[in-house]
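Biologist: I am new to this structure and would like to learn how to read its features one by one. Please show me the model, and then let us begin with a single residue.

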Amino acid sequence: MARILAIHAHPDDVEILAGGTLALLAGRGHEITIATLTPGDCGSAELGPEEISGVRRREAEEAASLIGAHYLCLEMRDLAIFNDDRSRRRVTEVLRSTRPQLVLTASPVDYHCDHEAASALVRDACFGAPAPNYETRVDAPAPPLDGIPHLYFMDPLAGRDREDRLVSPDFIVNVAGTFARKREMAARHASQGRWLRKHHGTDDYLDQMERWTRERGQLAGLSYGEGFRAYRCHPYPQDGLLEELLGSEAVRL
């Protein structure tokens, strides 16, 4: 069985963009860890940063538990994720401690600066994780990985970049059979419903998520789908591990 790390910027990002795929993989016995760079400390108009962080960590743990996944937070802060030396070493340590063969992370282009920074951090940490001389500067560091893990980018939110242009995935994962669980996972992030009503002017985040998942599925003739792009730049792995694990549920475009 494979060890899989799904790592994104904030609590709820993974569930919205890859929850159905992770539910599929968990159902096949793979070991799943969901990680967020921040605890979502800016995600409330009523609660202070520490209070809402506690709420959102609990929500993330509950969502992960629905598929038997482990949750962890790197304790960066909202709107303060940067692709710098300290942050890269922190992400590298998480890679070394979880030891994934497969990493799913944020799209390099997205509407949110934290999402784009998370994508670059994870990409570069995957490169550094096997390098013995790249020290993470923590007490009792985990040993380097044996090799660079397979890296895939999730869709950007709504499948579009900052200029509202469609971002084409390499393939679509058929999540019709796990969409109900995906929605259940996303619903655990109840605090975000309140925040989005205040900040984004919308109170239908679950319905939006369903619409985006339907639209992605339609690209491949599916009722529900999630898109992914493999990062195969030298010297990252070139073979399609995620497609192999998913089999016929991965529909190449």
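Modeller: A good place to begin is Pro235, which lies in the loop between β7 (225–230) and α8 (241–246); helices (H or I, at least four residues) and strands (E, at least two) are DSSP runs, numbered from the N terminus. This is a predicted model, in which local features need pLDDT of at least 70 and side-chain atom pairs count only at pLDDT 80 or more, while totals for chains, interfaces and linings use all residues. Residues are numbered from 1 along each chain as its sequence is written, and side-chain values use heavy atoms, with hydrogens and water left out.

Biologist: Is the peptide bond from His234 to Pro235 cis or trans?

Modeller: The general idea is that most residues other than glycine have a negative phi, and most peptide bonds are trans. Here the bond that joins His234 to Pro235 is cis, and its omega is near 0°.

Biologist: Which residues other than glycine have a positive phi, and where do they sit?

Modeller: Among them is Glu75, with a positive phi of about 60°, in the loop between β3 and α3. Another is Ala140, whose positive phi is about 50° and whose place is the loop between α4 and β5. Arg99, which follows α3, also has a positive phi, near 55°.

Biologist: Are Glu75 and Ala140 buried or exposed?

Modeller: Buried means under 20% relative accessible area, exposed over 50%, and partly exposed in between, with a 1.4 Å probe and protein chains only. Glu75 has 32% relative accessibility and therefore counts as partly exposed, whereas Ala140, at 75%, counts as exposed. For a buried case, turn to Arg216 in helix α7 (residues 205–218), which has a relative accessible area of 5%.

Biologist: Which residues does Arg216 touch?

Modeller: Contact means heavy atoms within 4.5 Å. Not counting residues up to four places away in sequence, Arg216 touches Asp155, Gly159, Leu166, Val167, Pro169, Ile172, Gly225 and Gly227.

Biologist: What does Phe127 contact, and in which helix is its place?

Modeller: Phe127 belongs to helix α4 and counts as partly exposed because its relative accessibility is 48%. Leaving aside neighbours within four places in sequence, Phe127 is in contact with Ile148, Pro235 and Tyr236, so this contact leads back to the proline that follows the cis bond.

Biologist: How does the span of helix α4 agree with what its number of residues suggests?

Modeller: The expected span of a helix is 1.5 Å times one less than its number of residues. Helix α4 (residues 113–128) has 16 residues and should therefore span 22 Å, and its end C-alpha atoms are 23 Å apart, which agrees. For α3, with 14 residues, the reach from first C-alpha to last is 20 Å, close to the 20 Å expected.

Biologist: What covers the buried residues of α4 and of α3?

Modeller: In α4 the buried residues include Asp114, His115, Leu121, Val122 and Cys126, and their cover includes β1 (3–8), α1 (13–27), α3 (85–98), β4 (102–105) and β5 (150–154). In α3 they include Val91, Thr92, Val94 and Leu95, with a cover that includes β1, β2 (31–36), β3 (70–73), β4 and α4.

Biologist: At what angle do α3 and α4 pack?

Modeller: Two packed helices are described by the angle between their axes and the distance between the axes. Axes are lines fitted to C-alpha atoms, for helices over the stretch in contact, and angles run from 0 to 180 degrees between N-to-C directions. The axes of α3 and α4 are 8 Å apart, at an angle of about 60°. That makes α3 oblique to α4, since angles under 35 degrees count as roughly parallel, over 145 as roughly antiparallel, 65 to 115 as roughly perpendicular and the rest as oblique. The residues in contact include Val91 and Leu95 of α3 and Leu121, Val122 and Ala125 of α4.

Biologist: At roughly what angle do the axes of α1 and α5 cross?

Modeller: The axes of α1 and helix α5 (residues 179–187) come within 8 Å and cross at roughly 135°, which makes α1 oblique to α5. Their contact is made by residues including Ile16, Leu17 and Ala23 of α1 and Arg181, Met185 and Ala186 of α5.
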